[in-house]
Each structure stands twice: as structure tokens, then as C-alpha cells.
Amino acid sequence: MRGRREAARTRCLRSSAARAGPGMAENRPPGPQATALVYDEDMTRVRLLWDDPECAIEGPERLTATYARLCHRGLAQRCVRLPAREATEEELQLVHSPEYVAVVKGTQTMSKEELQALAQQYDAVYFHPSTFPCARMAVGATLQLVDAVLTGAVGNGMALVRPPGHHSQRDAANGFCVFNNVAIAAEHAKRRHGLQRILIVDWDIHHGQGTQGVFENDPSVLYFSWHRYEHQSFWPRLRESDYDVVGQGPGRGFTVNVPWNKVGMKNADYVSVFLHVLLPLAIEFDPQLVLVSAGFDSGIGDPEGQMQATPECFAHLTLLLLPLAQGRLCAVLEGGYHLQSLAECVCLTLQTLLGDPVPALSGDPAPCLSSLESIQNVRAAHAPHWASLRHEDTGPVLNPSTWHGDGGHPPLGAQSIGTTERRGPLLDKFLSCPPAPPHTGIGLAAPDSAASLNLPPDILQEEGVTLSKEEAAMWSRLDSAFTQDQALGKLLALLDEILTGQVRAGIAMSPTVSAAMAVAVCRGLSCGVQRLLCVAIGDLDIPEDLRDNGRVLLLNMGGKDHPEASPFPSCICLSGHEATEPGTFLLALTSLILPVAYSFRPELVLVALGPGCGLRTLDMELLTRLLQGPAGGRMLLLLQNSELPLVEALAWALAGRALPCTLGPFPPASPKQALVVTRLCRQRQLDWPMLQVSVT
Ligand code: X5A
Ligand code: ZN
């Protein structure tokens, strides 16, 4: 025991250069692995010149505070910096009318009184002599980012811009927005880059009615927005923001609205909507580019949103989007008015774009009644348009509880969330500088032949260690092949390093995955892991003593039937080889595996991939990326020795690299398989609340 620990420490010291934490680490050269940041101080020039309480929250310090925090965290330095530029008038006219562009252009020479008079023609807008150049630069910065991503100069990125864009319409400024940055970028991607499918994810807390209007007839742009709605009583108070507004003509089904009818929505509500609404549709849509209207007024502490999603929630939302479009994701700032919350949320978004592990999600992993009603309603409204929802047998909620009385989360103490910059204890907790995450490298326990593979630079190859007599005796019942090539010693060393935080995640090869799984679970439990999620793919033996162990949750996909295991809440099996076909697997991933994993909040995730387990390599990479969410990145992958070629792909997936190709197209799950999955979700939703998709 002691011998092994010491050996591990020595290896660790030797390779400390390869284990640089975030901030001290790499500055990736431009290329499809890099993350871009676009920011220009010129966009801080626009500000409110008169008294207007509604507009006062949209000030220059939103950008300066955010950028300062990105630098302080060392995140800005790790990005490829792209220069912003002013968009041309021709580019503005991809969305806006020449007349409207001329009106905004005219503000450059206006007096304060004239500016104020013009602003009064619109809802919640102010103008400044710098509005035209700033708003053009906000568009240009967005286009620079999109061009860099679509040419492969970078993999993904973020643009910090002002003024925001998503309320702006063809002929009108609205809600602090002058030109619609993201809508113009989507049109630009279609016209100049020939893209046919673009996903816009609008996670700002207001409805981007401007963007919705631009694309309501357009099936090449899937527009998703969630927004504070409160049954149409929250700004902009539009009927067209409700769940049953789904687009028009050829665009029917390509507008997705999720109304929040209560304030106080939390991490579990946000993640549930992503898992049960956005992801199934987005995977089926198979976008070539993802544009995020990244407003952070949906974050905790924001005076507009009044929601309670913590900064790390945005890391999870980003992680869930990154498998789409081969990771071609452009996040463009919209709202966000609590300076510290805004800055922190942007940090977590950018950190995830950079490939850092996401911190575990805090809070009760259960959506509230009101968000479940919205989920049920929007899924019912879209079931006619999307194969991935067609098997749904529920309709919209008949008597929404949230019209009157409750349905939301119980309110926090009145003092705990300020409506201004006041901070309560809860907010303090989330906004205080979190310690640097235990961001360390990835370990590999494999036969020496793995050395010839093309592996990520910070990977640490475990050396064989000799087991103590006690340990050798303890595992003597194992396959003898296991001890011969030191697979067991390497596996135990790697697992110890994960559990002690010396490495974040790892891959262990072995002669028999079933045996490795038994060893790893047993070892994890004896080291004190309280919640261990074990996802076993393919035909693997399920150790009997695990079936009702409250600390282990076992998910088996594509294996034999285990009727004897099904009574246990901690054993979930989807048997048969159909379970690993792409359509069924992706349905199960979003509707079953991830909701269960997020409900369980594991400290460690084991993924055991049986020999010939039936999954596409791409789906294994996807599983590897997404299951890092629920456990804050702590994951051990178990592979059969014979699957050496897989190691490369999965090591890169663990290291945060984008998927090598898009997920689709693939045939949807058969109605029979869809029914099996749906039924399993229903059966288990009392144990695992994030499985819920309806209130009935
Ligand atoms: C971009 C954005 C909000 C406008 C609120 C007006 N606009 N009450 O967050
Ligand atoms: Zn907003």
C-alpha cells in the first residue's frame, strides 16, 4: 500500500510540468482546439446620458467588470484574441431595413434632447452619440468570431459586446438592443458560409422576440429561448413568447419557447429544460453552428431575472451544447446586470469553452412544479414537429397550478437576494472567489504498447506497481491475466490518484472489463466514496453485492436482461443490443442517463465499456464528455485491452477536445424502443427527480 502511494507521488513530481493547473497552463495556438475572445474597449463608450431608471442598469461597467475578472482568472490570456471591427452597413442590412440603419446612423450628431426624443419612440432604449459605432462594433465583433469558428481558425469562442442585440427588430431598437448581433451573424453564416442549419440558444432571461421575429418562417435557424414570463406579466409581455408559439409556415417547429412562470428557478430547472427540451431537438436538428445569445440576467442575483441559477450552471449549459456542431459554438453577450454575478457566470462559460472540467452542480437536483409544467407544455407543443418527442403520450397541462398560488421553489429569505448590488449570504457564497479547481491531468493505465498512440500532451502514463501481499491476496479471485501484465496494479494506482485529486480523470485498460469494474467499485467504496455512478455498456457481469448498495448506482445499457436487479432503485437496465443503436442511445442519454446522473450527484463516475459494446466511437466520446458534468469531471473509463484504438479518441474526449464529427443524421429510436425508454423513465422518476417531464 505504502509502496504504491509513494510510487505514485514520485511519478507525480516527475511530471509536474505536464500537470500545470488552469491559468498557468497552455496558451493553445490558433486552430480548431483554440478558444477565441473578442473584446474591444470602444464598446464601453455608450452610456445613458439622462435619468431613466429602466435603462440605468445597462452601463459600461458591465463589460469592464467582466473583462477584469476574466483577466484576473487568467482566462482571457488563454484565449486567442480576435480584433473587433465595425460591421458594414451591408452587413447590418442582412437583418435591418436601410431606413432603420439610417435612423441609427443619424444619432451620431444629435443633441442629448434629440437622442432622448428618438429613444422615446422605442421601448426601453437609450441612444448616445457613440451608439452607432458601438452597435456596429458589437455586430462586427460577433461576425469576427463566427468567421474564425467557421474557417477553423479557432474551435469556439465568446464575444463581449455592448449594446446587446436579441430584442432588436428589423425596424426597431428595443430593450437596450440596437442591432441584432446574433441574428445578423446567423444570416451571415447562411449567406457567406453557405450554412443550412444554425441553432440559436437564447439563455438570456428575456425573450429574444427580435430574433424570433427574424427567423419565425425560417427552418434553417432553430431558435430556442427560455424567459421569465409569469403568464405574460413580465416584460416584454408578449403573447408570442408562450410555449405554443412554434414558428410559422415552413418555420413551424423551429421556434422553441420555454416560459418561466415563476421567479426563483434554479440549476435543476435549467438543466432539466436542456436535457428534456433543447437537447433532443438540437441533436435531431443537427446544427452546423451553435450561436448562444448569452445573457446572464438568468443568473443568481440579477435584478431583472430574479432567478437562482448559480455561476457553475452556465458551465453545465455550455458543456451540454459543446457536443453539437463539432463544438462550433459562439457565445455572444446579451444581458446580465448584477456585475459580480455576470462576471462570474462569464468566467464559467469561457472556462468550459476552454475545455476545463466543470465544477459539480450545487443545489437540490429536482425541478419545481412550475418548470415541470413548462417542460410538459413545450414538449407537447413540439411533439408533432420532432421525431424525438413523437412518442410522447402526454398533452399540455390542463390546470396549471402556477396561475395561482405556488408551483415555484420556496422563496429565499427576503434579505438573501438583493435587487441591486446588495449581497446577501447566499449570493456571497456563490460569488466569493472559488478556489482554483483541482484541475489536473489525465491518467492512463494501459499496456506499454499505448505509448505509441497520439495522446493529449498532459496525459500521465501509470507505471506498474507491485501489490502488497495483502492486496494480492484480496484480489486473488480475479482472472490471472489481470495480475500478469500489472493491469491490476496500474488500475488501483490510477483510481487512487483520481480519488486523491492528483489526476482528474483517467482510462484504465484491462484483460476483463467486468473484473476491472468490480475492483474499481469495491476500491472506491473502501476509500469512502459516498455516491459512485457506474455506467456499464454492453454485456458485463453485474456484481451481485452491488445491486442494493445505497452508495452505488448502476446503469447498464445494451447488456443481458437482469430481472433480478430491477426491483432496486440503484439498478437501472436497458437491455438488448438495440439499446446501443444511435437513435435509442441518444434518446436514453438525454432522457435517462444524464437525468439520473444529475439526480444522483456522484462523487465519481465509472464508465465501463464492454468488448464490442455496440456504441459508435462517437457516442462513446459523447458519453465521456457529458458524464463529466454530474461528477465535476471525476471519471474513470474502463476498457478492454483489445480496444487500444479507442484509447486515443476517449483520452482526447476526457481532455476536453471537441467531437470529430457531428452527431447526426441517424434513424430515430424505433417506437418500440422509445416506449421502453419512456416507460423506464416513468418508473424511476420517484427515485430520480430529474427524470420528470410532466406533472401528471
Ligand atoms: C438585453 C436585455 C433587457 C431589457 C429590459 C427592459 N434587455 N425592461 O437583457
Ligand atoms: Zn435580458
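## Asp204 and His206

Aspartate 204 is buried in this predicted model, because its relative accessible area is 1%, and buried here means under 20%. Histidine 206 counts as buried too, with a relative accessibility of 4%. Both residues turn up again at the metal, so it is handy to keep their burial in mind as you look at the structure.

## The zinc site

Which residues coordinate the zinc ion (ligand 2)? Asp204 appears twice among the donors, each time through OD, while His206 contributes ND1 and Asp297 contributes OD. These donors sit at 2.0 to 2.6 Å from the zinc ion. If you want to find the site in the sequence, look for the spacing D-x1-H-x90-D along the chain.

## Around ligand 1

Now for the other ligand. Ligand 1 is surrounded by 15 residues, and the closest are Glu54, Gly175, His206, Asp297 and Tyr337. Two of these names, His206 and Asp297, also belong to the zinc donors. By class, the shell holds six nonpolar, five polar and four charged residues.

Several polar contacts can be picked out. Glutamate 54 places a polar side-chain atom 2.8 Å from a nitrogen atom of ligand 1. Glycine 175 uses a backbone N or O atom instead, 3.0 Å from a nitrogen atom of ligand 1. Histidine 206 has a polar side-chain atom 3.2 Å from an oxygen atom of ligand 1. How much of ligand 1 does the protein bury? Taken alone, ligand 1 exposes 310 Å², and the protein buries 98% of that.

Definitions and conventions. Residues are numbered from 1 along each chain as its sequence is written. Chains are lettered from A and ligands numbered from 1 in the order in which they are written. This is a predicted model: local features need pLDDT of at least 70, side-chain atom pairs count only at pLDDT 80 or more; totals for chains, interfaces and linings use all residues. Side-chain values use heavy atoms; hydrogens and water are left out. Donors are N, O and S atoms within 2.8 Å of the metal (3.2 Å for Na, K and Ca); water is not among the atoms, so sites may look incomplete. Buried means under 20% relative accessible area, exposed over 50%, partly exposed in between (1.4 Å probe, protein chains only). A residue is near a molecule or strand if one of its heavy atoms lies within 4 Å of it. A polar contact is a pair of N or O atoms within 3.5 Å; within protein, one must be able to donate a hydrogen and the other to accept it, and residues adjacent in sequence count only if both atoms are side-chain atoms. Accessible areas come from the Shrake-Rupley method with a 1.4 Å probe; for residues, only the protein chains shown count as cover. Ala, Val, Leu, Ile, Met, Phe, Trp, Tyr, Cys and Pro count as nonpolar, Asp, Glu, Lys and Arg as charged, and the others, Gly among them, as polar.
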